[in-house]
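Biologist: Could you take me through one part of this protein at close range? I would enjoy a connected account rather than a list.

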Amino acid sequence: MTEAVQIVTTVSAWPEALEYQSKLLRKFCNDRYEFIGIIDTDPHPHYSNLWTKNAREKAIKIANNFCDKVIEFPYELHKARAELFPNTLEKIGNLPSLRTADSCQYAWQYLYKMGASKAILIDSDMFPIEKFSFDSMVKNRSVGAIKQVRENSAGRIEYFWNGLLAVNFLKEPTLFEISFDAGFHNSLPTDTGGGTHTW
């Protein structure tokens, strides 16, 4: 397993943010890390890329300037979500939360294949503003997370928010098995990360 903390972000609409994330991570992260950009920008003008022409090429170019590794999300997986989530009820990623779930799951699979020991998943618009470390986020546990709660007359569900999630795979290898799938879980609608409720 690799010792550096893997800091991963997914990118669809605002690749310019990578420059600021990169600079702020260098300034505030106390760990040795690799910054990984998962590029999920629609190759065609679309609301998800602010109707920008050549948006994917632009995002890849920017990511190569500011990330240690750049991974291109295979865009066709949005239309074949069962490859990422075999038990999903949502077969096509046609909503923002489903698309984000797809790219987060792809990132997770990448971390598993590379043998990551520790990882931090951050939204593309998350920017550190003070010194931090992986250990300060997990506090001797296997996960440091922000809990999401959804409830209605059918019940209540709790799951991890995908916007800021730190995991120690060495301490708890089953974290590689979590699902970021959005949509309905236990008859309750969830956002990206809803599938983590089982963990």
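**A close look at helix H2**

Modeller: Happy to! Helix H2 covers residues 55-66, twelve residues in which the first and last C-alpha atoms lie 17 Å apart, close to the 16 Å expected at 1.5 Å a residue. Please keep in mind that this is a predicted model.

Let us start with the buried side. Ala 55, Arg 56, Ala 59, Ile 60, Ile 62 and Ala 63 of H2 are buried, that is, each has under 20% relative accessible area. Looking down the axis of H2, you would find these buried residues within an arc of 170°, so they line one face of the helix. The general background is helpful here: an α-helix has 3.6 residues a turn, so residues three or four places apart point the same way.

What lies over that face? The cover on the buried residues of H2 includes helix H1 (17-28), along with strands E2 (33-39) and E3 (69-72). Turn to the face directed away from the buried side, and you meet the exposed residues Lys 61 and Asn 65.

Now for the setting of H2. The protein has four helices and eight strands, and from the N terminus on they follow the order β-α-β-α-β-α-β-α-β-β-β-β. Of its 199 residues, 49% are buried. Among contacts between residues at least 6 apart in sequence, 68% join residues at least 24 apart. The protein's radius of gyration is 16 Å, which agrees with the value near 16 Å for a compact globule of 199 residues.

Terms used: Residues numbered from 1 in each chain as written. Predicted model: local features only at pLDDT ≥ 70, side-chain atom pairs only at ≥ 80, totals over all residues. Heavy atoms only, no water. Helix = DSSP H or I, 4+ residues; strand = E, 2+ residues; numbered from the N terminus. Expected span 1.5 Å × (residues − 1). Buried < 20%, exposed > 50% of the residue type's maximum accessible area, 1.4 Å probe, protein only. Arc of directions from axis to C-beta. Contact = heavy atoms within 4.5 Å. Rg over C-alpha atoms; globule rule 2.2 N^0.38 Å.
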